[in-house]
Amino acid sequence: MRLWVLLSLLLLQETLPHVIGQPAKSKHSKEPGENKIKPVNKKVKPKTPKMKERESADSSLKSQSILTQVMDKGHFQKLPTTLSLPAGQSMELRCKGSNVTWSYPSYLDTFKDSRLSIKQLDRYSQLILANSTAADTGEYSCWLQLCNGNKCRKDETKTGSTYIFFTDKEELFVPTPSYFEIVYLNPDKPAVIPCRVTTPSAKVTLHREFPAEEIETDGTDIIYDVKKGFVYLHPTSDHKGIVYCKAESHGAPQISIKYHLLYVEVPKGPPSTTIAASPNRAEVGDSIQVICTVLGEPDVDVNFRWQYPGQEAESPVIIENFWRLINRGSGHTTRISKSVLVVEDFEARDAGNYICIAQNLQGETTVATKVGLN
């Protein structure tokens, strides 16, 4: 009997741990299904958004370092926003990318300067400017082009830009092709007197020719920007006249070219156009002329197109375009543009409607007049 009781107790001890342990959550948490889920949750948390933020920050850094200057012995220098180099030396810039576009002082294109060369290589584009001069002072920038077929756009994250001063003691002002320039003063936009310097530390002042006086740069109405020149923020008719700039830098002062400031007040919009024929009736063999006239802003170009009766038959006509500035009083200046169509040997097929289409950046205007046959 005792032996049987002992055996029963031993049997009970072996089965109790299993019965008591069944509800235990620690045992249940190790089931295969949950073992797979928990580690995955822990691995998803590792900061994917932060990695993206870091990538975007890295992208902005890359956009700042896309433009570099090649130094001696193959060294490269990341370019600051402004840089001063002595005139006379050659310069090499590089821009990373397989499809790069450059921008540089426009006169290098205007005169097709052979000192400038640009080459696109596999991984970068190279700009070389040989024998630099003070006139090369200006903005140099590049950017990567993203193209899909024939359509390309600028990649805003892959750009580089720097303003380079080519210093020259003999040329404190950036040279210009002319000795006299016209600056139009519009009441609704700033006007720039572009007397830029080659030495950023030069002291520059603005002067009126008559009456002879220095014009105060007050920082409110007139400011000086070393990359642009003097800026009239709110031009008025009181500012018109002839001005020049004076610069000093460790030596005798130098004088810029003169600038003629003309005040303009012409409503913006499509060309204000009129048309007139002289005479408006003609005999066979007569000579007639049709004049298309536009009054507009002095610095806004106007393009003319004509439609006339003998156009399809290719009747011989002479078309001449020209413009000039006129003073409308009170200091206001206007540009008058004309297109003159002449028929020297009038025929029956030349009778009919003469249509002039004048176009500017704001739009176009169509006007017409009729020439009859007597």
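User: Cys-292 and Cys-356: buried or exposed?

Analyst: This is a predicted model, in which local features need pLDDT of at least 70, side-chain atom pairs count only at pLDDT 80 or more, and totals for chains, interfaces and linings use all residues. Residues are numbered from 1 along each chain as its sequence is written, and side-chain values use heavy atoms, leaving out hydrogens and water. Relative accessible area, taken with a 1.4 Å probe on protein chains only, sets the classes: under 20% is buried, over 50% exposed, and in between partly exposed. Cys-292 and Cys-356 are both buried.

User: How many residues apart in sequence are the parts tied together by Cys-292 and Cys-356?

Analyst: A disulfide (a pair of cysteine sulfur atoms within 2.5 Å) joins Cys-292 to Cys-356, with S to S 2.0 Å. Strands here are DSSP runs of E with at least two residues, helices are runs of H or I with at least four, and both are numbered from the N terminus. Cys-292 lies in strand β21 (residues 288–296) and Cys-356 in strand β25 (residues 352–360), so the linked parts are apart in sequence by 64 residues.

User: Which hand does the link of Cys-292 and Cys-356 have?

Analyst: The angle about the S-S bond is -85 degrees. This link of Cys-292 and Cys-356 is left-handed.

User: What is the handedness of the link between Cys-95 and Cys-142?

Analyst: The sulfur atoms of Cys-95 and Cys-142 are joined at 1.8 Å. Cys-95 is in strand β4 (residues 91–96) and Cys-142 is in strand β8, so the pair ties together parts 47 residues apart in sequence. Both cysteines, Cys-95 and Cys-142, are buried. At 75 degrees about the S-S bond, their link is right-handed.

User: Where does Cys-195 lie, given its disulfide with Cys-245?

Analyst: The sulfur atoms of Cys-195 and Cys-245 are 2.0 Å apart. The angle about their S-S bond is -55 degrees, which is left-handed, and both Cys-195 and Cys-245 are buried. Cys-245 belongs to strand β16 (residues 241–248), 50 residues away in sequence, and Cys-195 lies in the loop between β11 (191–193) and β12.

User: What pattern do the disulfides of the protein follow?

Analyst: The whole structure holds four disulfides. With bonded cysteines counted along the chain, the pattern is 1-2, 3-4, 5-6, 7-8.

User: Which strands stand at the edges of the open sheet?

Analyst: Strands pair here if DSSP finds at least two bridges between them. The open sheet has four strands in the order β3-β9-β8-β5, with mixed pairing. One side of each edge strand is left without a neighbour in the sheet, because each has a single partner strand: these are β3 and β5 (100–103).

User: By what angle are neighbouring strands of the open sheet β3-β9-β8-β5 turned against each other on average?

Analyst: Axes are lines fitted to C-alpha atoms, for helices over the stretch in contact, and angles between N-to-C directions run from 0 to 180 degrees. With direction ignored, the average turn between neighbouring strands of this sheet is 30 degrees.

User: Which residue in β9 stands opposite Leu-83?

Analyst: Along β3 (residues 82–86) the side chains alternate: Thr-82, Ser-84 and Pro-86 point to one face and are not buried, while Leu-83 and Leu-85 point to the other and are buried. Five bridges join β3 to β9 (residues 151–167), and the two run parallel. Opposite Leu-83 in β9 is Ile-164.

User: β5 and β8: parallel or antiparallel?

Analyst: Ser-103 stands opposite Ser-141 in β8. Over four bridges, β5 and β8 (residues 138–148) pair in a sense that is antiparallel.

User: What relative accessible area does Asn-131 have?

Analyst: Most residues other than glycine have a negative phi, and most peptide bonds are trans. Asn-131 has a positive phi, near 45 degrees, and lies in the loop between β7 (124–129) and β8. Asn-131 is partly exposed, at 48%.

User: Is Glu-314 buried or exposed?

Analyst: Glu-314 has a positive phi of about 60 degrees, although it is not a glycine. Glu-314 sits in the loop between β22 (303–307) and β23 (318–327). With a relative accessibility of 68%, Glu-314 is exposed.

User: What is omega for the cis peptide bond from Ser-278 to Pro-279?

Analyst: Pro-279 is placed in the loop between β19 (272–278) and β20 (281–282). For this cis bond from Ser-278 to Pro-279, omega is near -10 degrees.
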